[in-house]
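Work through the exercises below with the structure open beside the text. Each one sets a task and is followed by a solution that goes step by step.

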Amino acid sequence: MSHTIVSQCTARINRSEQAVPGSNPTFMEKAAKGSADVVFLDLEDAVAPDEKEQARKNVIEALHELDWSGKTVSVRINGLDTQYMYRDVVDVMEQVGDKLDLIMIPKVGTASDVYMVDTLVSQIEIAKGYTKRIGFEMIIETALGMQNVHRIAGASVRNESLHFGVADYAASTQARTINIGGPNPDYSVLTHADENGKSEVHWGDMWHYAVARIVVAARANGLRAIDGPFGDIKNAAGFSAQARLSAVLGCEGKWAIHPSQVGIANDIFSPSEEEIMRAKRVLSAMEEAKRAGQGAVALDGRLIDLASIRQAEVLVRKAETVSENG
Ligand code: GLV
Ligand code: MG
């Protein structure tokens, strides 16, 4: 181990992250009553340019008027390369900064992008006398952002999570996609022919590298890694498959761009009864091994050691957080 201790960001349950356009007050009202862990009110890409000002007003009103208790609420501001971003931060922070938990920064390219927003937010917090610190969610969705992901992750004490913005990432890297966040059949291998001359096509996960890299940058800086959107909203099986992949890699949650995806994400990112039971058995088997002076033992025919304790502890802690807040 290193002498460097990774301090952890503010703990929040973040299994589902529901995207709601700021241009649609009815959707915001529904989301406040829904079961997403985090709701982000969008001022960016779900809002057309001539609706930006009205959407900002709607979001401020929704934060004032609606009951968001039991939820984490975020606002996705516009990108730093637009003419909207400074007013998004100033108006939202000045008028409802005490009602908000997080600001989501899209298309982050460098650590100084985060610093810029941090400076603005810090000044407003002090000027308004807010006592609750706003956290940051950052969307990694450009080749530049991916190149600098580790620096971005460590750029501010406000940072809480890194999100994979797969749609913009595909645009930025010129990846070939069919459905936002889903697989492409061309990303596949052909197996060797069997004795009958038949080969099989095995699809691969074209997002593996991006998600895995985001997970590493997030965890090395004590942040949550959150998988982004899945565009085929009628395809619950496809959404589940993608969510399971990212959960296996270490993501804590996934975006829901349709309310029907919220419950699926909540289920998939909650530890199952079976996992919790196994983790508890690992902890008691290791407790016994310790008493017997052993560092590693077999459980159900598989070797477990001190690293297994750490994995089991993480899982049990996660299950406790889910049962306290879920
Ligand atoms: C999200 O913002 C995305 O581009 O996928
Ligand atoms: Mg995007």
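**Exercise 1.** Decide whether S272 is buried, partly exposed or exposed, and state where it lies in the chain.

*Solution.* The model is a predicted one, and the first step is to take the relative accessibility of S272, which is 30%. Buried means under 20% and exposed means over 50%, so at 30% S272 counts as partly exposed. The next step is to place S272, which is in the loop between α10 (260-268) and α11 (273-291). As a last step, take E94, which is 178 residues apart from S272 along the chain: the C-alpha atoms of the two are separated by 42 Å.

**Exercise 2.** Find the domains to which the chain is assigned, and say how far apart their C-alpha centres lie.

*Solution.* The domain assignment gives domain 1 as 16-270 and domain 2 as 274-324. Once these bounds are set, the C-alpha centres of domain 1 and domain 2 are found to lie 32 Å apart.

**Exercise 3.** Describe how β5 is covered, and which strands pair with it.

*Solution.* Begin with the cover: β5 is mostly covered, for 6 of its 6 residues are buried. Then look at the directions in which the residues point, where G135, E137 and I139 face one way from β5, while F136, M138 and I140 face the other way, and all are buried.

Now turn to the pairing. Strand β4 (residues 102-105) runs parallel to β5, with 4 bridges between them, and I103 stands opposite F136 in β5. Between these two strands the chain passes through helix α4 (residues 111-128), and this β-α-β crossover from β4 to β5 is right-handed. Strand β6 (residues 159-164) also pairs with β5 in the parallel sense, here over 5 bridges, and E137 stands opposite S161 in β6.

**Exercise 4.** Follow H163 from its place in the chain to the side chains with which it makes polar contacts.

*Solution.* The place of H163 is in strand β6. Its relative accessibility is 0%, so H163 counts as buried. From there, take the contacts one by one: a polar contact of 2.9 Å joins the side chain of H163 to that of S161, and the side chain of H163 also makes a polar contact with the side chain of W255, at 2.9 Å.

**Exercise 5.** Which residues coordinate the magnesium ion (ligand 2), and which parts of the chain does the pair tie together?

*Solution.* The magnesium ion (ligand 2) is coordinated by E141 through OE and by D168 through OD, at 2.0 to 2.1 Å. Because E141 lies in the loop between β5 (135-140) and α5 (143-147), and D168 in helix α7 (residues 166-173), the pair ties together parts that are 27 residues apart in sequence. Accessibility is the last step: E141 has a relative accessibility of 3% and so counts as buried, whereas D168, at 21%, counts as partly exposed.

**Exercise 6.** Examine A167 and Q174, giving the place and the accessibility of each residue.

*Solution.* A167 is in helix α7, and with a relative accessible area of 34% A167 is partly exposed. A167 and I180 are 13 residues apart in sequence, and their C-alpha atoms are 5.6 Å apart in space. Q174 is found in the loop between α7 and β7 (188-190), and with a relative accessible area of 69% Q174 is exposed. The backbone of Q174 adds a further point, since phi is near 65 degrees, a positive value in a residue other than glycine.

**Exercise 7.** Give the value of phi for D300, and say where D300 lies.

*Solution.* Phi of D300 is near 50 degrees, which is a positive value in a residue other than glycine. D300 lies in the loop between β11 (297-299) and β12 (302-304), and D300 is exposed, with a relative accessible area of 53%.

**Exercise 8.** How many aromatic pairs does the structure hold, and what is the arrangement of F230 and F239?

*Solution.* The structure holds 4 aromatic pairs. F230 and F239 form an aromatic pair with 6.2 Å from centre to centre and 75 degrees between the planes, and this pair is edge-to-face. F230 counts as buried at 2% relative accessibility, and F239 counts as buried at 1%. A final step is to look at F164, Y169 and W207, which form one aromatic cluster.

Technical notes: Residues numbered from 1 in each chain as written. Chains lettered and ligands numbered in written order. Predicted model: local features only at pLDDT ≥ 70, side-chain atom pairs only at ≥ 80, totals over all residues. Heavy atoms only, no water. Donors = N, O, S within 2.8 Å, 3.2 Å for Na, K, Ca; no water. Buried < 20%, exposed > 50% of the residue type's maximum accessible area, 1.4 Å probe, protein only. Phe/Tyr/Trp six-rings, centres within 6.5 Å; stacked < 30°, edge-to-face > 60°. Pairing = 2+ DSSP bridges. Right-handed = clockwise from strand over helix to strand, strands pointing away. Domains from an automatic or database assignment. Polar contact = N/O pair within 3.5 Å; in protein donor to acceptor, adjacent residues only side chain to side chain.
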